[in-house]
Amino acid sequence: MSVETLKPTGSDPLNFFWFIPTSGDGPYLGTDDFYRAPDHAYLREIATAVDRLGFGGVLIPTGANCEDSWITATALATATERLKFLVAIRPGTATPAFYARLASAVDRVSNGRLLINIVVGGAPKELAGDGIFLPHDARYDHAEEFFEVFETIAKGGTATLDGKYIKAEGAKLNFPFVQKPRPPLYFGGSSDAAIEFSAGRTDKYLTWGEPPAQVAEKIATVRAAAAAKGREVTFGIRLHFIVRETDEEAFAAADKLISRLSDETIAAAQEKFRNESDSVGQHRMAALHGGRRDNLYVAPNLWAGVGLVRGGAGTALVGSPETIAARLREYQALGIDTVIGSGYPHLEEAYKVAELLFPVLGLGRRSGEVISGDFGTGAGLGARPRRIAGLAAAV
Ligand SMILES: Cc1cc2nc3c(=O)[nH]c(=O)nc-3n(C[C@H](O)[C@H](O)[C@H](O)COP(=O)(O)O)c2cc1C
């Protein structure tokens with residue numbers, strides 16, 4: 001069976017990642033109906049599927065409501081071949097030397113497939129459970145000291161720091177990373193302190209799926225802050241996807257996803273985000289819909305329904321493959337090179353994205369020669385990629 005990577009449609013292909021739902025999954029947001037637990041067998045099903053379908057990597061979230069991200073990444077690395085693992089470091093939860101050992105072990109187990117996502121956390125009550133009591137901006141000052149040590153030892157040096165937050169003496173990493181000089185550092189955070197930190201320390205800045213005009217502004221701000229430090233940062237976006245063969249079917253699927261969601265559940269979730277989160281990024285997401293379900297399209301095909309109950313990434317691109325590809329090309333034209341997608345449930349929606357959207361984007365893998373049978377005529381290769389005439393010119 002031959003495995004062939006499809007050629008891009010003309011512009012640079014996007015890096016397209018998927019999401020591992022370590023806090024649970026299901027087809028109806030905000031309800032327990034058909035709930036799927038995030039047990040290892042299910043998460044492995046998703047990871048092996050997206051590895052085979054040609055996704056470039058997966059984001060594994062971190063937090064008290066998630067199965068542990070480092071253990072999950074390690075387990076899934078042994079079940080997959082090509083997939084990269086974007087795993088979060090929350091600097092307050094352990095020392096830089098400990099995190100460096102953890103990360104280099106995962107880099108070795110996965111043979112160089114680790115990517116690091118730096119997230120300081122945005123829910124003080126949750127952070128207190130981990131013994132982190134720093135106010136918002138101090139968490140970034142802490143992260144700055146953390147990465148001073150982490151960078152030095154990741155690259156083979158010895159670190160000693162008597163900082164305000166971090167103390168280390170003769171820290172060293174004896175089992176080096178496979179990737180040199182170290183795995184790429186991704187980052188998520190929207191506050192001024194976050195952008196300053198990202199500009200100075202990280203390789204790729206990630207934004208949740210805000211409308212293109214807001215993303216353009218953010219990119220310009222991060223680029224300018226990085227340039228002021230003599231650095232360059234690349235950009236990625238985190239979005240849900242509801243792709244169907246036609247726009248109408250996709251809009252109906254979006255409606256269905258929140259069809260069992262009660263107004264009380266929405267109100268309770270929004271109140272929790274207001275009261276328990278000090279994350280600027282979270283507040284920007286919530287402001288898009290204001291907790292109202294009657295005006296959820298906040299930009300063409302950008303639907304804020306997920307954010308009615310889900311913290312963090314709250315918007316989905318909704319439409320046919322051609323429509324969504326055109327919307328993604330708009331983000332790409334702003335400077336986005338990486339998309340981290342998801343959809344409910346994550347297994348089935350990964351197939352929808354790979355089968356419907358990837359061919360239009362010039363991504364994905366063919367599953368091999370078509371064998372004569374119920375789903376193949378044996379006359380040649382099966383489903384050919386659909387192309388949008390003039391797509392590259394529209395970028
Ligand atoms: C793509 C992306 C992924 C994120 N993943 C996590 C995560 O796994 N755990 C977490 O606590 N915060 C995550 N965050 C949120 C923030 O990084 C961080 O915790 C905090 O909310 C940032 O606050 P700020 O926007 O005020 O700087 C993520 C953000 C983005 C953009």
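**Close-up views of the predicted model**

**View 1. The cis proline at Pro-181 in its loop.** Pro-181 is found in the loop that runs between strand β6 (167-171) and strand β7 (185-188). In this predicted model, the peptide bond leading from Lys-180 into Pro-181 is cis, with an omega near -5 degrees.

**View 2. The cis proline at Pro-345 in its loop.** The peptide bond from Tyr-344 to Pro-345 is likewise modelled as cis, here with omega near -10 degrees. Pro-345 belongs to the loop between strand β13 (336-342) and helix α12 (346-361).

**View 3. Asn-111 and its backbone angle.** Asn-111 has a phi near 55 degrees, which is a positive value in a residue other than glycine. The loop that holds Asn-111 lies between helix α3 (96-109) and strand β4 (114-118).

**View 4. The ligand and its backbone contacts.** Among the 21 residues around the ligand, those that come nearest are Arg-90, His-136, Tyr-140, Gly-188 and Val-280. By class, this shell is made up of seven nonpolar, 11 polar and three charged residues. Several backbone atoms of glycine residues approach oxygen atoms of the ligand: a backbone N or O atom of Gly-121 is 3.0 Å from a ligand oxygen, a polar backbone atom of Gly-188 is 2.5 Å from a ligand oxygen, and a backbone N or O atom of Gly-281 is 2.9 Å from a ligand oxygen. The ligand taken alone exposes 620 Å², of which the protein buries 91%. The elements that contribute two or more residues to the shell around the ligand are helix α5 (136-154), strand β8 (204-208) and helix α10 (280-289).

**View 5. The largest cavity and its lining.** The count of cavities of 30 Å³ or more comes to one, and the largest cavity holds about 50 Å³ of space. Its lining consists of Pro-91, Gly-92, Val-120, Ile-132, Leu-134, Arg-139, His-142 and Ala-143. Sorted by class, the residues of this lining comprise five nonpolar, two polar and one charged. Rolling a probe the size of a water molecule over the atoms is what shows where empty space is left.

**View 6. The annotated span of residues 15-337.** An unreviewed UniProt entry lists residues 15-337 under "domain: Luciferase-like". In the model, the C-alpha atoms at the two ends of residues 15-337 lie 6 Å apart, and the secondary structure of the span is 43% helix and 18% strand.

Note on methods
Residues are numbered from 1 along each chain as its sequence is written. This is a predicted model: local features need pLDDT of at least 70, side-chain atom pairs count only at pLDDT 80 or more; totals for chains, interfaces and linings use all residues. Side-chain values use heavy atoms; hydrogens and water are left out. On a 1 Å grid over the protein atoms alone, a cavity is a set of points where a 1.4 Å probe fits but cannot get out, and a pocket is an open set with protein on both sides within 12 Å along at least five of seven lines; lining residues have an atom within 4 Å of a point. Grid points are joined across faces, edges and corners, and a volume is the space filled by probe spheres set on the points. Ala, Val, Leu, Ile, Met, Phe, Trp, Tyr, Cys and Pro count as nonpolar, Asp, Glu, Lys and Arg as charged, and the others, Gly among them, as polar. A residue is near a molecule or strand if one of its heavy atoms lies within 4 Å of it. A polar contact is a pair of N or O atoms within 3.5 Å; within protein, one must be able to donate a hydrogen and the other to accept it, and residues adjacent in sequence count only if both atoms are side-chain atoms. Accessible areas come from the Shrake-Rupley method with a 1.4 Å probe; for residues, only the protein chains shown count as cover. Helices (H or I, at least four residues) and strands (E, at least two) are DSSP runs, numbered from the N terminus. UniProt positions are given in the numbering used here, feature names are shortened, and annotations may be inferred rather than shown by experiment.
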